[in-house]
Amino acid sequence: MGCYGGKKKKKAIGRVANYYQKNKVAAIQIFSGKVKKGDTLLIIGDTTGVKEIKIDHMEIDHKSVDEIKHKEMFAIKIKDVRKGDQVYKYEWVYVYFRKRL
């Protein structure tokens, strides 16, 4: 098998559960998948528009973590998002082909 290459697709993984304006921190609830340091997230909302953020620091209960699994809530620093905004993660999708004999 060979590979043509890949493309980025966005996958819905959760939503903003709360936003703390004073500290500029969003609490995000994950419904599916997982999030690791270095991942790129998209936050999309009617008022917010589209915000893209690369995760370099995230916390659970004021403790730094490297990975979040589904059904967990974590916090990140980000400006101006709203409660209820949808959270997406970029994933690479590869196109494979079979070699003909």
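A residue counts as buried when its relative accessible area is under 20%, and as exposed when that area is over 50%, with partly exposed in between. Keep that in mind as you explore this predicted model. The protein has ten strands and zero helices, and buried residues make up 32% of its 101 residues. Here is a tour, topic by topic.

**The overall plan**

- Reading along the sequence, you meet the pattern β-β-β-β-β-β-β-β-β-β.
- Among contacts between residues at least 6 apart in sequence, 66% join residues at least 24 apart.

**Two salt bridges**

- How many salt bridges does the structure hold? There are two.
- As background, side chains of opposite charge can pair when their charged atoms come close.
- One salt bridge joins the side chains of lysine 37 and aspartate 66, with a distance of 3.2 Å from N to O. Lysine 37 sits in the loop between β3 (35-36) and β4 (40-45), while aspartate 66 sits in the loop between β7 (63-64) and β8 (67-68), so this pair ties together parts that are 29 residues apart in sequence.
- Lysine 37 is partly exposed, at 36% relative accessible area, and aspartate 66 is exposed, at 52%.
- In the other salt bridge, lysine 89 pairs with aspartate 39, and their closest N and O atoms are 3.4 Å apart. Lysine 89 belongs to strand β10 (residues 86-97) and aspartate 39 to the loop between β3 and β4, so here the parts tied together are 50 residues apart in sequence.
- Are lysine 89 and aspartate 39 buried or exposed? Both of them are buried, so each has a relative accessible area under 20%.

**Around the loop between β3 and β4**

- Lysine 37 has further company besides its salt-bridge partner: not counting residues up to four places away in sequence, lysine 37 touches Ile55, Asp56, His57, Met58, Ser64, Val65 and Asp66.
- Take methionine 58 from that list: methionine 58 and lysine 37 are 21 residues apart along the chain, and their C-alpha atoms are separated by 7.7 Å.
- Lysine 54 lies in strand β5 (residues 49-54) and counts as exposed, at 57% relative accessibility.
- Leaving aside neighbours within four places in sequence, lysine 54 is in contact with Gly38, Asp39 and Thr40.
- From C-alpha to C-alpha, lysine 54 and aspartate 39 are 5.7 Å apart in space, although 15 residues apart in sequence.

**Strands side by side**

- β4 and β5 form a hairpin, with three residues between them.
- The strands β4 and β5 run antiparallel and are joined by six bridges. For an example, find isoleucine 43, whose bridge partner in β5 is lysine 51.
- Strand β2 (residues 25-30) also runs antiparallel to β9, and five bridges join β2 and β9. Here glutamine 29 has methionine 73 of β9 as its bridge partner.

**The two faces of β9**

- In a regular strand the side chains alternate between the two faces of the sheet.
- Which side chains of strand β9 (residues 73-77) point to one face and are buried? They are Phe74 and Ile76.
- Met73, Ala75 and Lys77 point to the other face and are not buried.

**The largest pocket**

- About 340 Å³ of space lies in the largest pocket.
- The elements that give two or more residues to the lining of this pocket are β2, β6 (59-60) and β9. Strand β9 provides the largest share, five residues.
- The lining has 14 residues, and those nearest the centre of the pocket are Val25, Glu59, His62, Ala75 and Ile76.
- By kind, the lining residues divide into nine nonpolar, two polar and three charged.

**Two residues with positive phi**

- Most residues other than glycine have a negative phi.
- Histidine 62 has a positive phi, near 65°. You can find histidine 62 in the loop between β6 and β7, where it is exposed, with a relative accessible area of 76%.
- Aspartate 80 also has a positive phi, about 50°, although it is not a glycine. Aspartate 80 lies in the loop between β9 and β10 and is partly exposed, at 36% relative accessible area.

Notes: Residues numbered from 1 in each chain as written. Predicted model: local features only at pLDDT ≥ 70, side-chain atom pairs only at ≥ 80, totals over all residues. Heavy atoms only, no water. Salt bridge = Lys/Arg side-chain N within 4 Å of Asp/Glu carboxyl O. Helix = DSSP H or I, 4+ residues; strand = E, 2+ residues; numbered from the N terminus. Buried < 20%, exposed > 50% of the residue type's maximum accessible area, 1.4 Å probe, protein only. Pairing = 2+ DSSP bridges. 1 Å grid on protein atoms, 1.4 Å probe; cavity = no way out; pocket = protein on both sides within 12 Å on 5 of 7 lines; lining within 4 Å. Points joined across faces, edges and corners; volume = space filled by probe spheres on them. Nonpolar A, V, L, I, M, F, W, Y, C, P; charged D, E, K, R; others polar. Contact = heavy atoms within 4.5 Å.
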